[in-house]
Amino acid sequence: MAYRPEIDGLRAIAVAAVVLYHADESLLPGGFVGVDVFFVISGYLITALLAGEWGSTGRIDFAAFYARRVRRLLPALTTLVVVVMIAAVVLLGRHGKVFDQVGNSAAASLLFVANFWFQMNSGGYFDDPAAAMPLLHLWSLAVEEQYYFVYPALLALLLRLVPGGVPRRLAVFSVASLLLAEYWVHILPERAFFQMPARFWELAAGGLVALSSVPAAPRARDRWMLPLGVLVVLAASVYTPHWGSFPGIGAIPAVAGAVLVLLGVHRHAATGVVAAALRSRPLVTLGLLSYSLYLWHWPLLVFDFHLHWEPSPTWWRLLLCVAAVALAWLSWRFIEMPFRTRRAGAGRTLLAGAALTSLALVTVALSGRIDRVPADARKLARVAQYDLPDDQRCHLPSDEPIGALDPADCSSASGVVPGVVVWGDSHAMAWRPLAASIARHAGVAHAGLTMNGCPPSGRREDAGPMPERAPCADLNDLALSWFETGKIDTVIMGMRWPLGVPGAALQERLDGLDAALRRMGAVRRVLVMGPLPWLKRPAPECITLGWVEQCAVTRAVYDEAAAANWLGLRVLAARFPNVELVDAGAYFCDDATCPVMRDGYAQYWDNDHISATAARAFADQWLADPARYDRTHGAPAPPEDR
């Protein structure tokens, strides 16, 4: 293929968008679509190469194709993984669970199944756990490699069977992939984001450009494609979070913009000021470095995140991105280019790639055997990490439909209707030991009806452009149908409260809670668990790093953040005589701070879910003196005596 510098210019825009988004998403809220632009470019180039080879030889040399992929991708990738593992030993060796995750994700990345691993372990690309994983960005490389395993054979088959109808068939596959992505977005959003079948249409869109005809001379209408495409890509980098479900229909603008740019290049209509800008030395240089820059920038940002107990300012994260550009140049000059220009047979190249991968996997395995966490801290951290309620019956999955469910099916006493029920999200599930204590004291059974991210009022909580899921609404309808029977004596409602200044999120939560309480008149007692303190980092990390004091928020910060919630809750509770507001924050804080540890145990299993041990200890205090923690009628409860 003839080299077209405009494509490197488009790569530069794509990688800059991703890097700025990762530095601070407020700088470019839709910058993550740079990955989608990369997919379109890859689809175009790969299809053009394979179709050209078929046209000149009547076949596709698969061994040579994969050898080119190995030379292009593997040297820089394995170097990155080895460096990240060495850095993880030095910098994250005391991060316990995080360090273990780095090793597991590194192995998955080298085997090109990182997208599966991160789907199962990150909680979603836009969620907080994802921001702590230094190899998270390699999910997209796994998607591309899985595409490369499928697409060349598919293209060869189509070229052989329907040589004149390849674009139509590829368009059908592309539409089917887009429809699948849109379907998954609404029921399994993590799968839609991370899995190749939902991204196939983006790569295929570039392939369709490569297979399109080229006019003998550029037509007038062809000349507006490139500038319009650049404009659409830039707009998508800003507004995609507001453009519907992603990566379903919300990804169409970014993909369409990239397609328009490539069409202009493909039809030899890359003229004008915008095309000249894409061909400019700064953009072309950045485009040439784009692969290495994509590899190196994210680990720098994540390691920085782990080395400080408070987030770094934006200016510092941007400075790290500048450092990543320097690393990218070194990687491109001394790793990428020597391997890409080396001429070796396909067999030797593939064998060398296997050797590189094996050596990197050995590094990962050896790194995992290094333990830099003191034995007592590791023991405490591991206990904290797994200090969850033993009984999690009817803590329902958030990605599966909910059918009929009888209260007795969830009861701690088989077949017995429970007298006490915990209802809400994962923060409610953390209160199961309180329900067990209240039920034991009253001589009745207890049960839970909970779901991650599903508060007992209002909308499901999902970070980023992810939709509300139907199972959450089903769970809440099911819970209210239980309570309307009059057979449940006590309901404990727990949820993650929107702490901070009052706003739409809090009002929506209070309105939903009001609607729920109106249907709970048959329940004798409703305990609404108020907002709790939080930690700046997950408790296991705070313990292993020796940051127990730094991780704690002050009592003043917590009280200020929770004030609007309590004001709204007291107004709401005044309308319902069966409602009691429980201020557990008075137990989890003293006069000065809301600590990580108390009486030798961690008060949380992460940064804001209380541990089962803490829930049981609070239950004993609450049963002894409920009035101490009652905030239904006014002032905050005094801090627990230490």
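**Exercise 1. A bridge across the chain**

Find the residue that forms a salt bridge with Asp36, and work out which helices the pair links.

*Solution.* Start with the partner: Asp36 forms a salt bridge with Arg199, and their closest N and O atoms sit 2.6 Å apart. The cut-off for a salt bridge is 4 Å between such atoms, so the pair qualifies. Next, place the two ends. Asp36 belongs to helix α2 (residues 34-57) and Arg199 to helix α9 (residues 196-211), so distant parts of the chain, 163 residues apart, are linked here. Last, check the surroundings: both Asp36 and Arg199 are buried. Keep in mind as you go that this is a predicted model.

**Exercise 2. More salt bridges**

How many salt bridges does a search of the whole structure find? Then take the pairs Glu541 with Arg537 and Asp583 with Arg631, and describe each one.

*Solution.* The search gives 20 salt bridges.

- Step 1: Glu541 and Arg537 come together through their side chains, at 3.4 Å from N to O. Glu541 has a relative accessible area of 8% and is therefore buried. Arg537, at 4%, counts as buried too.
- Step 2: Asp583 and Arg631 also meet in a salt bridge, at 3.6 Å from N to O. Asp583 is in the loop between β7 and α25, while Arg631 is in the segment after α26 (612-624), so this pair ties together parts that are 48 residues apart in sequence. Both of these residues are buried.
- Step 3: look for shared partners. Arg4, Glu6 and Arg279 are joined into one network by salt bridges that share partners.

**Exercise 3. Two residues of helix α3**

Decide for Val70 and for Leu91 whether each is buried or partly exposed.

*Solution.* Both need a location and a percentage.

- Step 1: Val70 is found in helix α3. Its relative accessibility is 19%, and since buried means under 20%, Val70 counts as buried.
- Step 2: who is around Val70? Setting aside neighbours within four places in sequence, its contacts are Pro75, Thr349, Leu350 and Gly353. Ala346 is 276 residues away from Val70 in sequence, yet their C-alpha atoms are 9.6 Å apart in space.
- Step 3: Leu91 is in helix α3. With a relative accessible area of 32%, Leu91 is partly exposed.
- Step 4: Leu91 joins Ile86, Val90 and Leu307 in a nonpolar surface patch, and together they have about 330 Å² of accessible area. Helix α3 (residues 62-92) supplies the largest share of that patch, three residues.

**Exercise 4. A helix with a kink**

Where is the kink in helix α24 centred, and what covers the buried residues of this helix?

*Solution.* Helix α24 (residues 555-573) has a kink of about 45°, centred on Ala563. Its buried residues include Tyr558, Trp566, Leu569 and Leu572. Among the elements covering them are α21 (504-517), β5 (525-529) and β7 (579-582).

**Exercise 5. The whole protein**

Which radius of gyration would a compact globule of 642 residues have, and what does the protein have?

*Solution.* The globule would come out near 26 Å; the protein has 28 Å, which agrees. Now add the rest of the picture: there are 26 helices and ten strands, and the C-alpha trace spans about 85 × 50 × 45 Å along its principal axes. Of the 642 residues, 56% count as buried. Finally, among contacts with a separation of 6 or more, 79% are between residues 24 or more positions apart.

Methods. Residues numbered from 1 in each chain as written. Predicted model: local features only at pLDDT ≥ 70, side-chain atom pairs only at ≥ 80, totals over all residues. Heavy atoms only, no water. Patch = residues over 30% accessible without salt bridge, like charges linked within 9 Å, V, L, I, M, F, W, Y side chains within 5 Å. Areas by Shrake-Rupley, 256 points an atom, 1.4 Å probe, with all protein chains shown as cover. Helix = DSSP H or I, 4+ residues; strand = E, 2+ residues; numbered from the N terminus. Buried < 20%, exposed > 50% of the residue type's maximum accessible area, 1.4 Å probe, protein only. Rg over C-alpha atoms; globule rule 2.2 N^0.38 Å. Contact = heavy atoms within 4.5 Å. Bend = angle between axes of the 7 residues up to and from the residue.
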